[in-house]
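Subject: The structure we talked about

Hi there,

Here is the structure I promised to pass on. Please have it open while you read, as the notes below are meant to go with it.

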Amino acid sequence: MRHFQHVSDLGDLRAALDEARAVKADRFRFESLGRHRTALLIFFNNSLRTRLSTQKAARNLGMDVIVLDVNQGAWKLETERGVVMDGDKSEHLLEAVPVMAQYCDVIGVRTFARFENRADDYQEKILNQFIQYSGRPVFSMESATVHPLQAFADLITIEEYKEKARPKVVLTWAPHPRSLPQAVPNSFAEWMMAADVDFVVTHPEGYELDPRFVEGAHVEYDQWKALEGADFVYAKNWSCPGVTRPEAYGQILSKDMGWTIDAAHMAVTNNAYFMHCLPVRRGMIVTDDVIESPRSIVIPEAANREISATVVLKRILESL
Ligand code: CP
């Protein structure tokens with residue numbers, strides 16, 4: 001595997017999950033694979049879990065790691081071609097990317113959607129410039145439209161906790177005070193559609209996810225109905241994806257606190273496990289009692305970020 005953005009990049013998903021289980025059982029087994037190899041992790045946006053888990057994964061494989069926070073200490077980067085650079089951006093991505101590539105073997109990029117232009121975001125303009133101009137394998141550490149390391153960790157976690165062969169997994173929108181990208185729900189939907197689960201998505205009208213991620217998924221606008229009998233509840237906020245409301249792309253259409261996951265919502269499920277990618281806004285997305293309950297698996301879910309990243313980096317290293 002050279003680049004990593006989508007579930008299809010892993011090939012046989014069952015084999016990838018088996019590999020994740022083997023890596024988790026002995027995470028240092030491949031520590032000679034990354035000897036004299038360097039991972040460059042580039043952050044255009046904040047991160048706690050991705051920053052720590054991906055570094056840990058690279059070190060599990062014996063790699064050296066360089067972390068660059070582009071907006072703190074590096075030159076501010078221009079990403080558009082053909083502009084007169086008379087503002088506060090001192091360096092162009094077209095020079096910066098090939099320069100960065102000189103110092104590493106693999107590049108991870110975190111770059112959120114900008115909500116300025118839906119086409120630019122959904123074409124993954126920034127991530128694809130890294131692929132095009134670095135000549136290195138590039139993996140998404142959450143880019144404009146996808147968060148595959150998170151979705152892989154989510155699926156590993158569901159595999160570990162499921163109590164029946166084909167569990168019901170519900171992705172539910174929940175309110176948030178700020179406009180958030182669609183990367184996490186997009187990837188979660190993409191990966192659940194590829195997995196052997198009964199997958200349901202629920203959200204208010206206007207929050208329809210892009211068909212390339214939810215084509216064929218069961219969408220239920222009544223959150224209570226969607227949650228009935230659920231084995232896993234995956235809560236997440238996202239802003240308007242601009243599918244049925246193109247003019248509202250990236251905007252907040254609802255702050256309906258009736259969608260917050262509380263004990264009453266969990267009571268209609270099949271004693272479901274609660275999941276969230278974190279960071280989470282308590283009192284908005286989920287109540288304290290639900291996230292602190294024994295059925296909340298947000299911490300093991302975060303722990304599996306190390307495993308998903310180890311498998312992905314291992315596969316990239318094997319392709320070098
Ligand atoms: N879930 C996740 O990606 O967390 P961070 O934004 O802290 O990396």
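Below is what was found in the structure, grouped by place. Please keep in mind that this is a predicted model.

**The largest pocket**

Let me begin with the pocket. The largest one has a volume of about 620 Å³. Its lining is made up of 29 residues, and those closest to the centre are Arg110, Phe112, Glu142, Leu180 and Pro279. Sorted by class, the lining holds 12 nonpolar, 10 polar and 7 charged residues. Where does the largest pocket lie with respect to domain 1 and domain 2? Both domain 1 (7-146 + 304-319) and domain 2 (148-301) contribute residues to the lining, so the pocket lies between them.

Two of the residues closest to the pocket centre, Glu142 and Pro279, also have backbone features to look at. Glu142 is found in the loop between strand 6 (138-140) and helix 6. Its phi is near 100 degrees, which is a positive value in a residue other than glycine. Is Glu142 buried or exposed? With a relative accessibility of 9%, Glu142 counts as buried, because the cut-off for that class is under 20%.

Pro279 sits in the loop between strand 11 (273-275) and helix 11 (288-291). The peptide bond that leads into Pro279 from Leu278 is cis, and its omega is near 5 degrees.

**A cavity**

The search of the whole structure also turned up 1 cavity of 30 Å³ or more. The volume of this largest cavity is about 30 Å³. Its lining consists of Trp173, His176, Arg178, Ser179, Leu180, Tyr207, Asn237, Trp238, Ser239, Ile252 and Ser254. By class, that gives 5 nonpolar, 5 polar and 1 charged residues. Leu180 is a name you have met already: it is in the cavity lining, and it is also among the residues closest to the centre of the largest pocket.

**Aromatic rings**

Over the whole structure there are 11 aromatic pairs. I will take you through two of them, which share Trp191. One is the pair of Phe4 and Trp191, with 6.2 Å from centre to centre and 80 degrees between the planes, an edge-to-face arrangement. This pair links distant parts of the chain: Phe4 is in the segment before helix 1 (13-25), Trp191 is in helix 7 (residues 183-194), and 187 residues separate them.

The other is the pair of Phe152 and Trp191. Is it stacked or edge-to-face? The ring centres are 5.3 Å apart and the planes are at 25 degrees, so this pair is stacked; the cut-off for stacked planes is under 30 degrees. It too links distant parts of the chain, with Phe152 in helix 6 (residues 148-161) and Trp191 in helix 7, 39 residues apart.

Taken together, Phe4, Phe152 and Trp191 form one aromatic cluster. Both Phe4 and Trp191 are buried. Trp191 has a relative accessibility of 0%, and Phe152 is buried with a relative accessible area of 0%.

**Charges over rings**

In two places, an arginine sits over an aromatic ring. The charged end of Arg51 is placed over the ring of Phe43, at 4.6 Å from the ring centre. Arg295 lies over the face of Tyr273, and here the distance to the ring centre is 3.9 Å.

**Other spots along the chain**

His36 is in the loop between helix 1 and strand 1 (38-43). Like Glu142, it has a positive phi in a residue other than glycine; the value for His36 is near 65 degrees. His36 counts as exposed, because its relative accessibility is 65% and the cut-off for exposed is over 50%.

Asn117 lies in the loop between strand 5 (106-110) and helix 4 (118-122), and at 36% relative accessibility it counts as partly exposed. How far apart are the C-alpha atoms of Asn117 and Cys104? They are separated by 31 Å, with the two positions 13 residues apart along the chain.

Val169, in strand 7 (residues 168-173), is buried with a relative accessible area of 1%. Its C-alpha atom is separated by 8.8 Å from that of Leu227, which is 58 residues apart from Val169 along the chain.

Happy to go through any of this with you.

Best wishes

Notes. Residues are numbered from 1 along each chain as its sequence is written. This is a predicted model: local features need pLDDT of at least 70, side-chain atom pairs count only at pLDDT 80 or more; totals for chains, interfaces and linings use all residues. Side-chain values use heavy atoms; hydrogens and water are left out. On a 1 Å grid over the protein atoms alone, a cavity is a set of points where a 1.4 Å probe fits but cannot get out, and a pocket is an open set with protein on both sides within 12 Å along at least five of seven lines; lining residues have an atom within 4 Å of a point. Grid points are joined across faces, edges and corners, and a volume is the space filled by probe spheres set on the points. Ala, Val, Leu, Ile, Met, Phe, Trp, Tyr, Cys and Pro count as nonpolar, Asp, Glu, Lys and Arg as charged, and the others, Gly among them, as polar. Domain bounds come from an automatic or database domain assignment. Rings of Phe, Tyr and Trp (its six-membered ring) pair if their centres lie within 6.5 Å; planes under 30 degrees apart count as stacked, over 60 as edge-to-face and the rest as tilted. Helices (H or I, at least four residues) and strands (E, at least two) are DSSP runs, numbered from the N terminus. Buried means under 20% relative accessible area, exposed over 50%, partly exposed in between (1.4 Å probe, protein chains only). A charge sits over a ring if NZ of Lys or CZ of Arg is within 6 Å of the ring centre and within 35 degrees of the ring normal.
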